[in-house]
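Colleague: Mind walking me through how the labels on this one were assigned? I'd like to see the numbers set against the cut-offs.

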Amino acid sequence: MSAATASDLERYMLDLVNEERTSRGLNALVLDKVLNASADAHSLWMLENNVFSHTGVGNSTPTERMTAEGFDLSGSWRTAENIAAQSERGDEGLFDDVYDLHLALMNSPGHRENILMPDLEVVGIGIQTGTYDYGSGKYYSVMVTQNFAMTGGQTTPDVVAQNARTPDNTDTQPDSSGVLVGNSTAENLVGTAQNDRITGSGGNDILSGGAGTDTAVYMSDMSNYGLTISNGSIVIEDRSGRDGTDTLNSIEILEFNGTAFELDRFTNVSTLTEADMMAFCELYVAYFNRAPDSTGLLFWGSALADGMSMNEIARLFFDQPETQALYGGSSSTGDFVTAVYSNILGRAPDASGFNYWTGILDSGAVERSEFILAMIDGAKAASGSAADAQYLETKAEIGAYYAVVNGLNNVSVASAAMQAFDGTIASVVEAKDLIDDHAALVDTVQGSEFTMSVIGLVDDALDWI
């Protein structure tokens, strides 16, 4: 069994933790010598290996490291770990740095939850100092590990005249999830095999969730952020500057100011080919007669990439209130065909086309929910009109430029951009200028609009303008 007596810095951090707990009616935590040794060893290991992670030496978890030092997890037990680091700054000495790190942990929801967990009893605090490479430079730094526990087993208190407690024999209760918090500098935060909550806390960080269902936590409203997806990489920027620009790996959920966003339901869109995405933009534009909102387009595009067919998506689109309002669910077959021609091809139906499609619909050979998709396929077929195919392709490019290239979500602007197009080059320029102006506004005004763009998919949309 390893044991370590706490340093003055570690006892100072204990005082800060216990002030938070007792002010809320919670019990004060007792320092444990074995947990001190575990925490000290992990802080030192992170400094020596230039790693900031809950995964430690030999790919160990926090609980494994605690038990490896000899901490007795018997009966009913629970563990948790916080880690934090910053370069030395401020006044001479390290007490102000420890205070800064305590504030960073308390300002992170997951770490705050660990510090204020009601059933905790003991803690080990490991504070080590040394040179750490943040990517932007090497700095003398303070590294902190907090190992929390409650147990029915033996403890080794690091206080005068405190007797060790004997074990009880109730059921075991393992820890649940990992929590990782950074600070205002650039960091590489690596999660565990658990369901981690990771907070960069400022700076341009790399957040890697690893196994499990992992959440990247951000403190501002969703409308402050812009997300960029490319094959194998996701980057999120806080336009307010508070959270910096982070690179995300194996992160399934984003949390903005307490609101969850299921990121993994959008990211597979990057596996589509350019032809598939343009065809999907055609479908979106045809059913809603506006540029797509990026969130909707990328959600359904990911569903397409995951195996849902265009026909299945078309049927679901047709049932949407927006589509029903556009095409009139109770209109006659002739009115319906005329509306589809107008919205997809920008013209009235020719007589032969009108008779052909009304006959197809009235016979039941094609349902209304799939007719729009059939019309798209007909316009693009070798037997179709080149002018119709070009008109539809240009509408799809406007939609792709709005939603995929710029990642915009404002439905009113999406509608205005599409309504500006009348088939002429001048109208394409007008639509593009409208999109560019809105994108510039979103990029400079805080809290304006969440954006989600994709790189490497349709980058050449409207590049001929």
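Modeller: Sure. One cut-off to start with: buried means under 20% relative accessible area, exposed means over 50%, and partly exposed is in between. Keep in mind that this is a predicted model.

Colleague: Why is Lys432 called buried?

Modeller: Its relative accessible area is 15%, and the limit for buried is under 20%, so Lys432 counts as buried.

Colleague: What makes Asp436 and Lys432 a salt bridge?

Modeller: Their side chains come to 3.1 Å, N to O. The rule asks for a side-chain nitrogen of Lys or Arg within 4 Å of a carboxyl oxygen of Asp or Glu, so the pair qualifies.

Colleague: And where do Asp436 and Lys432 lie?

Modeller: Both are in helix H15, residues 425-444, and they sit four residues apart, about one turn of the helix.

Colleague: Why does Asp436 count as partly exposed?

Modeller: Asp436 has 25% relative accessibility. Partly exposed runs between the 20% and 50% limits, so that's the label for Asp436.

Colleague: How do you know that H13 and H15 are roughly parallel?

Modeller: Helix H13 covers residues 386-405, and its packing angle with H15 is about 10 degrees, with the axes 10 Å apart. Angles under 35 degrees count as roughly parallel, so H13 and H15 get that description.

Colleague: Which residues meet there, in H13 and H15?

Modeller: From H13 you have Thr394, Ile398, Tyr401 and Tyr402; from H15, Val428, Ala431, Lys432, Ile435, Asp436 and His438. The residues of this contact divide into six nonpolar, two polar and two charged.

Colleague: What makes Arg265 and Glu262 a salt bridge?

Modeller: The closest N and O atoms are 3.8 Å apart, and the cut-off is within 4 Å, so the pair is counted. Arg265 is partly exposed at 42%, and Glu262 is also partly exposed, at 42%.

Colleague: How do you know that Arg347 forms a salt bridge with Asp350?

Modeller: Here the closest N and O atoms are 3.4 Å apart; with the limit at 4 Å, Arg347 and Asp350 therefore make the list. Arg347 has 29% relative accessibility and Asp350 has 32%, so each is partly exposed.

Colleague: How many salt bridges does a search of the whole structure find?

Modeller: It finds 13. There's also a network of salt bridges, linking Arg290, Asp293 and Glu322.

Methods: Residues are numbered from 1 along each chain as its sequence is written. This is a predicted model: local features need pLDDT of at least 70, side-chain atom pairs count only at pLDDT 80 or more; totals for chains, interfaces and linings use all residues. Side-chain values use heavy atoms; hydrogens and water are left out. Buried means under 20% relative accessible area, exposed over 50%, partly exposed in between (1.4 Å probe, protein chains only). Helices (H or I, at least four residues) and strands (E, at least two) are DSSP runs, numbered from the N terminus. Axes are lines fitted to C-alpha atoms, for helices over the stretch in contact, and angles run from 0 to 180 degrees between N-to-C directions. Angles under 35 degrees count as roughly parallel, over 145 as roughly antiparallel, 65 to 115 as roughly perpendicular and the rest as oblique. Contact means heavy atoms within 4.5 Å. Ala, Val, Leu, Ile, Met, Phe, Trp, Tyr, Cys and Pro count as nonpolar, Asp, Glu, Lys and Arg as charged, and the others, Gly among them, as polar.
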